[in-house]
Structures are given as C-alpha cells and as structure tokens.
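Biologist: I should like to learn how to read the features of a structure of several chains. Could you take me through them in turn?

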Amino acid sequence: MMNNENILLEFMNIDKQFPGVKALDDVSMSFRFGEVHALVGENGAGKSTLMKILSGVYQPSGGEIVYKGEKLKLQNPHHAQMQGISIIFQEFSLINTLDVVENVFLNREPKTSFGLFDKKKAAGMTKKLLETIGIDIDITAKIKNLSVIEQQTVEIIKALSIDADIIIMDEPSAALSDKELSKLFDIIMKLKADGKTVIYISHMLEEVFSIADRVTVLKDGRVMATEEVCDLDKDKLVSLMVGREISDIYPPRSANVGDVVLEAGDLASGKLKNVNLTLKKGEILGVAGIAGSGRTALVETLLGIERKMSGTVSLSGREVDFKNIRQAIDSGFCYIPSDRKNQGIIAPESIVVNTTITNLDNYVVRGLINRKAEEEVTKNQIELLGTKVASIDQRIEDLSGGNQQKVLLSRALLMEPEIYIINEPTRGIDVGAKHEIYKIMRDLTSRGKSIIMVSSELPEIIGMSDRILVMNQGEAAGILDQSVKTYTEEEILSLAVGHEYRLPAGGCDDEEEV
Amino acid sequence: MMKKKFRLTDPGIFVWVLLVAIVIFSAVANPVFLRPRNLKNVFLIQPVGLGLASLGQAVIIISGGIDMSIGAAVSLLTSVAGGLYRDFPGVSVLTVFLIISAMGTVIGLLNGLLVVKLKIAPFMATLATMSVIQGGIFIYTKKTIGGIPKSFRFIAEGSVGPVPFCFLYLAVIFALVLILMNRSRYGRHLYAVGANEWVASITGIAVDRVKLSAYLIGGLLTGLASVFLAGRMGGGGPLVGKGYELDTITAVVIGGVSLAGGDGNIAGAIGGVLILSIFSNLMNLLDVNPYIQMLLKGLILITAVFFYAAKTAKAKGQEA
Amino acid sequence: MAARKKLNVWFTMLERLKRGAVSPGLYAALLALIVAALVMQAVTGVSFFTMSNMLNVARNFSMLGFVALGQTLVIMSGGLDLSVVAVISTGNILAASLINGNDALVFPVLLFTIVVGAAIGTVNGLLVTKRGVPPFIATLGVSIVVNGLRLIATGGIPKGNVPELLKEMGTGSFLGLPWMVIIFVIVAIFFYILLAKSSYGRRLRVTGSNPEVAVLSGINKDRVIITAYLICGALGAGAGVFLAGYTGIADNWAGNEFDINSIAAAVLGGAAIGGGSGSVQGTVIGSIILLLITNLAILAHLPIQSQMMVKGLVIILALGFFGRGKK
C-alpha cells in the first residue's frame, strides 16, 4: 500500500441499495494524485452506479467518501464539480443549441465591467485550454454541429476550466473511431502529466492496458481487486472480471439446429455496411460488438424499424421488404428492445394490458375485447414463466426488472413468432432471474424457434449463442461457430475492435520512467 | 478553424430573406406602399405593440414555455389604463405607466408560479390564466373605456424630431432585451434551461428561478406593449388584445425561434413582427376582405409551423 | 392456498378501485356541489332545483358533453384540440344554411356536417402526426383557416333558417326527457364501450401512455391518433347542428368558449394532459360539475362573462392540485 499522502480520494464501504437490487456492496477503493485509474467490469457490475455516487447524482445507502483527507457528502453534480470532481457522462451534458464557449463556461461566465457575459475573455480562455491539450475545434460552432470526439473534447475542456482534480470518463471510447481514440489517449496523458486524476471506465481491456496505471475490477457490485496494471496480464484480468463458472447459469445448448430460416445479404442502412447473416431453425445467434458498432441498427433494420438502403432479407427463401415493424410482426418476427423502461413496458398499465397488447386482435370479438379471455391467457403466461406478481391488475412498473422482462417475454410468446429478436435480454436483472430467462430462451429453441440475441455482456454471448456475429463499425467482423469450439471473450473482443487496433505504448513503461 | 455555414434556409436567416421579399412584393403590388407616410406607419409605428408583446413571447418560448394569456392581459391592462384616467382624472403619466407595467409583471408572476410551483404544463397554465383574466375584465368593464388624455397618448403619437416616439420606445426596449438575451449571463442560462433542463440543473443553474423570471419578463413586456396600445387607441377594452397570443406566436415562429425552446435569436421575432405588419398593411392597401386576411394569416401560421415543426417536435416530448 | 386466493381477490378489487377510471374525489366534489346548491336555494331562494332550470342545465350539458367526449379522446392520444370552436360554429352555420327550414333535409345535412367536421379533424391529425406540429398550434392554425373560410362564405352574416324538426330536437322532450339528453346518453354509452371495452380504446390509451411501445407493438400509431382528432371533429360538428336547434338561430360564433369548456371538463374528469388516461364517466361528471358551477354563478347574478374565470380556476385546480399528469 502507498502512503496516505498520495491518496486524493477514497471510497470507504460504500453500499447502494435500489428497490430489489443491491447495486453496490461494501465498495472500498482509493484514487491517487495524477493516476489514470481504470474501472472495469461487466454491464451491471456497478461501475456507473459508483461513478454516479462520486458525481453526486446518487446518494450512497451506506459508507463514506473521503476526499483530500476529509469526509465528503455530495449533494448533486454541481456540488461535486465545485469540489473539483467532474464527470463526463456517456450521454454528454452539453447544451446542443449553445456554442462551445458558452457551454464551457455555462453558469461560470466571466463578467465584463458592466456585469455582462464577457464572451471575448471566455473565448480566449477556451482557446488556451484547447491549446494545452493540443486540439483545435471551432469554438463558435454550436454543439449540435460537432462530431462526437469534438463534443467529448468540449466536456474535457469544461472539466479543465473548473480546475477539476478528478475527471471521470464513463466509457468514453464507446462512440469513437480508432483515430479519435488515440487522440483521446493523448489528451489523457497530458491531463495526467498535469497531475490530474483520471478515472477511466471501460470494458475494453486493450484500452485499460494501454492507458491505465491501476485498475479496479467490479463484479456484481463488489470490488474483486485493485491492481497495478503492470502486475496484470489479460488472462488474469478477464478471470477477475468474469470469475464465474459459466456452466452454472447457462443451460446447455440444444442439439438439433435445422435449416436456414432467415437470410440477409449485403444489408445496408444508415449505420450498417453490407452485413450478411443467416439464422437457422432452433438456434441462438448472438450479436456482439461494442456500443455504437451497429448491433441494434442491424436488428432494427431486419425488422423494418430502420429502413434498409440496400441488400436483401429473405424468410425461408422468400424475399421480404418490411416498411415498418408491423409487417415484420405479421411475418413471424417479434422484438424485445433493450430499453425496457421507454420501449418495453407501458408503465402505468396493468400486467394484463402489457401482456396482450401485441396480439390484442386474438381477444377481440366484433371490436370488443373479451376481458375474460385475455385475463385467462395472462394467468397462464404468469404460471408458465413463473412471473412473480401480486395480481394481474397490478401496474407493471411496480414489478422488479426481471419480472417486467418476463411479462415482455410473455407478450412475445403470445404472438407465436418463429423468430425472436431480443436486445439485451437480461440488462439490469439479478442473477437468479437471468438464469430463468436463459432457460426460457433455451426452451424456445428446443421447440424449433430461432433467436437473435443482441448483448453487450460477453459471458452471456458466449454462454448462450450457437453462433456469434461480431459487429465492428457497422460491418460484420466475423461469425464464430460455437459448435466447433467455445470462444473466449478476448477472441470476440479482438474481432469487435479490429486487428488494426493500435494503441499508444502502455502505462507501465511511463510509470517506470517517472 | 472551420468556416461557419451560412444557409438561407436557416430559420434565423430565412426570416430576413422573407422580409426583403415581402417588401419588394408590396412595393410592386401597390406603389402607395412606398409613400413615406405609409412606410413610417408600417415600419415605425404599427409594429410597436405586437413587437413588444412578441419579444415577451419569444423570451418565454426560448425558456421552454409558452404564453397563451398575452391577449387577455393586453385587454385587461389597456382597460385598466383607461379606467385609471376615468376614475382618477389628473393621474400622472408616470403613475399609469408604472401601474400597467407592474400589473403585467404580476400576471407574468402568476403564470410562472403555476408552471414552476404547481408544475402545470405551460400551455394549460397560461390558457387557464387567460380564462381567469378574460373573465375578470368583464367584471371590471363590459365596454371599451376611452378618454386617455393627450399627455399619455404622446407615447404612441408623439415625435422626437422626425422620429415617432413610440419607435424609440420599442428600439430602446428591444436593445435592452437583445443585450439581456444575447450578451448577459442570464441570457445563456435562459437558453440552457429551455434546451435541456437536466443539463442546466447539473451545472448549478437554478432552473425554476430562471423559468419564473422568463414569465416575469414576458409579463413586463406585455405591460409595456399595453401602455403603447392604450396610448394609440386612446383607451382600452375587453377585446383589444384579441388574437395577440396567436399573433405573437406566429411572429416568433416565423422569426426562427424553436417552439421546443432553447434555440433561435430573439431578433428574429422582430423580423416576424415586421412581416406581419407589412402583410396586414398590404392587405389593407389592396382592399382585401378582412375574412380573407384572416384565412391567409391562418395559412401563414400553418405554413410556418409546417416547415419548422419537424425539428421542433423531436427535440422534446413536449405536450400540447 | 384458499386464503391466499381470497386475499388476491381482495387485492384485485382494491387495485381496481384505486385505479378506477373516476377518482372518488370527483364524486365527492359533485355531491358537495349539489349540497351547496341546495343550501343556496334554501337560504337565498334562488330557483336552482326547478324543473325548467334542471332541463336547461341538462340540454347545455348534452351539448358540452358531445364536445368534451371528443376532447377526451384527443387528450388521451397525447394532444389537444383547440379547433372545436371553429368546427362547432361551422357545423352550426352549415345546418342553418343548407337545411334552410326544410325538415326533410335535417338528417342528410346532419350527416354531411359530421363528415365535414371529421375532415377538419383529419387535417388536425395529419399535421400532428405526419409533420410533428405541436397539437395546440396545429389545431389553432386550422381553426383560423376554418373560421376564415366560413366568414368568407357567409360574408359575416349567417343566412338560413333552423327548421322545426331541429328546434324540436334542441328544445323538445320525450317522456319528460329532453331529446338532447336522450341522444347524448346514447352517444355516451357508445363512447363508453369504445374507450373501456374496445380494442381501439385500448390502443388509444397505450399510444397516449407510451407511443414508442405502441409502434413497437405493431400499433399504427398515426392512425390511432388521427382517428381521435377525426372523432373530435365529427362530434363538434354534430354539436354545432344541435346547437342551432337549441338556440333556434344560426350564429357565426356559436362555438365560442367550447374549447376551454371541453378541456376543463375532460381534465376535471381525470384526462391527463400528455396522454394515456381519461374516461367517459370522468368527462361526463366533469361536464356536469362545470355546468352546475356556471349555472349557480348565473343564478347568483354574477356577470355571465365572469364564468370564464371559474373555468380557468377549475383547470388550475384540476391540473395543479389533483393533477394526474404523467410527469
């Protein structure tokens, strides 16, 4: 352990309880002055929750934060900023309709002698800050006209302008190209050289090895380890992150995969470049890739939610061209989107209404709904999937995430589709419910249904998929057949980020020079 | 550095293109339009009332709200101006000016409180105040009240040298609002709140206070507009402000201010007001049936929102 | 197990009461108002609970009810219809000028007028769905155009006569019940079934609550919303025709204040601005409450126009203090 003088911030036994889920459990860790500290873990491991606590968005349920030797209670993000803790959210916190200068100095505008906004001074300061990190962007441009890396740069400048000691970057690489990423790394190295502490959240291990000094691994809301990057290799890091017997939670794959039911050739749309894929009867095709790689665009183009620009889609040899999702549904598709809250549940409505909305016509006689019939069906579904509810008239928003997902699965099941497209089947769901959902999915394939499963959780991709389609920047980077061998997270990741992925020299060498 | 893109179809620029076009069209359509007397009326006098009210509407819309009560407020305030002179002959111009401005501000305060404290959607909140005020006027007076003396009418009819005083009145207030919106720190906060409340709040901006202040400013400007209108008509009445809420919204939308909030230059609203002023002048010069004028005005509004709405709608899940 | 089942039954009933279409507070408000009216009558001697006044209230109620039901549908879809004034006035003028005193033309013209109203509603719906124009501004714009067209056509002075048959419908009774009320009850029952029992009602509610889920569930969102505006237009136009029968004259501004009245009635009845909730029962009770209040105000000799004040306050109360809005 280093001596305490080097420690800028320390988490002591932080707990965070959400209704039904313990997101953080006794988290203790520390950050040193001038280090790049990576925070890694699967989705749902608690990274974002922890950082939201550090930036004042959430209050911890227990434990405390010690900052510069003193206890710190953060009330809100603004308070955190005033203390020198600046977070760059994944969804940027910039005002789209204002320009760069106005955003950087929002609510901290320098004043002229008349008390007005001294834009010249602010522009000069913005330029200077840009120079310090060696980037040139049009400071008079409105945010909405900037590229993602430019917006990210504005966020960093904003953090620098308040003289933040800690800059938190939440998956900054998600929407960046390789070139932009190396630019970002240059900036981070400069920040570090200036003595800033950078907390870098990512699940891209390559990035961790090239930029971080230390890394903390979170899993299921607990700290697995904090290590110097130099003392680690990838295998060790992966085993810390995953660290779970896969066979425990993933049911065995079904044996009888049949003929091709769905085929897409040279499929292209806004974010998609000539993707080819096939889906066979009774198989689960996993779609992996980093955020922004076109995973969701792929399935939404298949479903007609996004219009395809070129290419073909055929169902059992018959070519189809869906203009909207309704046509896809009529042809035997169903879709469970990833954003359960906004795209899945109808929050204020009952479980019955939520269950039967997609196949409502089945319960309609002469325009009227047969309430008995739909209640009957809903009850059957609840029993079938083991959904835990107090009553079928309960509002769906009062259920836990796992039970909500089961209701959505019921909704899909009732359509009796041949092809299930499920985007992030277990996001935000506890382990027990995950296992049950996996069982339901397996059960479907053994009954001859086919599933396309988009997921950002690699263990889930590996554990569930018969074949894995890896997306990279809108293209299919490869298809891995798991009937031959079970692939590793690394193999999938290297496809997902591309082999040409070259990063600046790793943090360890720099460390030794210091 | 990149060059800034300059596009004529950009709403903030298009309004001025449209203004030039309609001026040329009017000049060609009827030569009377170009007579100095007419030009003075169209550009310097007629736009003052709607101009001031539209500035207020624009400030509120930029903050993410809307004000449906402007018309009723104008009716009430002009009536009160007339009523003050009726009931207290010899009251000073300044006193009336202050009372009307203050009353406008209080109406703005009420609107703001309904939106900020009771969290009623701005459209519904101001529609309700509109209804309350409109009902209130009829308790106060059922008829127009005239008899505003010359001293007060100077605001609308007087001149300073060759320049109408009311034009200076508008120009000074416009300049102040322009500085407030484009040059002050407060202006930046107002845009930020209108564009994205969450982001504004995490940078420590007091969102509620900013929203409330927008309604206060809007109310004050409505009061200032009413002062002019009372002077111009020599009185006030329950129907004087009829249609003002819609005209102000039309002017603001033509001016390129987004109904979703947080976007657009306040100067555009004045461009929109000038366009409306020229339009109604032209209609009168061409002796167009008032009902056809009404129809055309409706079509202008629909056309304006039709073209600007696509980006407006997706910006926010703003209801009503 | 049996005990658990029994508990479930209770829970279900409790849930249903809590989530019932009409909040218990609304019934309480209605009751309080009636008691207040009784007290007022006893103390001041105003003739509130007289047959003629009650019939009068009932006829007014029916007219407002038609429009408020349409408004409820539009509000449930997530919108708002401010064009009802223009639509009612236009229906009113069309009825008088086209029928022109000829009883035989009453029903064909009624049908034609309803079609015109539906067409105007469709334009509203198209602007809102296809172009994403905010509902209030779309319907306001459309209403100016409709008003302009009507005034151009009539030259500002309405012509035509209201036929006897229509007058009888507007002012007459059958077995002691006003025709208007009978027609309204039939229409209201139809809409109750539509909203509470039909698949359209379900789709409307879902679309209003969460348009994104609606689309992903294969619901034709635009069609559901346009239908709501269409129905609102049709009901408004029909109300305009009956209004001609009630007043016995053609009036270019017959629909005045129906916009705010219908919104107030719907909102009072639990329709949430922003979409998703609302019911026929609620709107009917909301309409009754609104009319009782204004009627009491008239009997108390408050100026007629000051009723607007009451409506504004009712909206503020309903939304601000008992708001069931989504956010």
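The dialogue below goes from domains to a sheet, then to a contact between chains and to chain dimensions.

Modeller: One point comes before all others: this is a predicted model.

Biologist: Let us begin with domains. Which domains does the assignment give for chain A?

Modeller: An assignment may join separate stretches of sequence in one domain, and chain A is such a case: domain 2 consists of 246-332 + 417-483. Domain 1 covers 4-245 and domain 3 covers 341-416. The centres of domain 1 and domain 2 of chain A, taken over C-alpha atoms, are separated by 33 Å.

Biologist: What is the strand order in the open sheet of six strands in chain A?

Modeller: A sheet is read from one edge to the other, not along the sequence. In chain A the order is 16-19-20-13-21-22, and the pairing is mixed. At the edges are strand 16 (333-336) and strand 22 (475-481) of chain A, each pairing on one side only. With direction ignored, neighbouring strands of this sheet are turned by 15° against each other on average.

Biologist: In which sense do strand 21 and strand 22 of chain A pair?

Modeller: Strand 21 (residues 467-472) of chain A pairs with strand 22 of chain A in the antiparallel sense, over six bridges. One bridge can be followed by residue: A:Asn472 has A:Glu475, in strand 22 of chain A, as its partner.

Biologist: Turning to the contact between chains, how many residues of chain A are in contact with chain C?

Modeller: Each side is counted separately: 25 residues of chain A are in contact with 20 residues of chain C. On the chain A side, helix 11 (325-330), helix 12 (340-344) and strand 18 (368-369) each supply at least two residues. By class, that side of chain A has 14 nonpolar, seven polar and four charged residues.

Biologist: What radius of gyration does chain C have, and how should the value be read?

Modeller: The value is set against that of a compact globule. For 327 residues such a globule would have a radius of gyration near 20 Å, so the 20 Å of chain C agrees. The C-alpha trace of chain C spans about 70 × 55 × 35 Å along its principal axes. Chain C has 14 helices and two strands, and 53% of its residues count as buried.

Biologist: How does chain B read by the rule for a compact globule?

Modeller: With 320 residues, a compact globule would come near 20 Å, so the 19 Å of chain B agrees. The C-alpha trace of chain B spans about 55 × 50 × 35 Å along its principal axes. Chain B comes to 14 helices and two strands, and buried residues make up 56% of chain B.

Technical notes. Residues are numbered from 1 along each chain as its sequence is written. Chains are lettered from A and ligands numbered from 1 in the order in which they are written. This is a predicted model: local features need pLDDT of at least 70, side-chain atom pairs count only at pLDDT 80 or more; totals for chains, interfaces and linings use all residues. Two strands pair if DSSP finds at least two bridges between them. Helices (H or I, at least four residues) and strands (E, at least two) are DSSP runs, numbered from the N terminus. Axes are lines fitted to C-alpha atoms, for helices over the stretch in contact, and angles run from 0 to 180 degrees between N-to-C directions. The radius of gyration is taken over C-alpha atoms; the globule rule is 2.2 Å times the number of residues to the power 0.38. A residue is buried if 20 or more other C-beta atoms lie within 10 Å of its own, exposed if 12 or fewer, and partly exposed in between; C-beta atoms are placed from the backbone. Domain bounds come from an automatic or database domain assignment. Two residues are in contact if their C-beta atoms, placed from the backbone, lie within 7 Å. Ala, Val, Leu, Ile, Met, Phe, Trp, Tyr, Cys and Pro count as nonpolar, Asp, Glu, Lys and Arg as charged, and the others, Gly among them, as polar.
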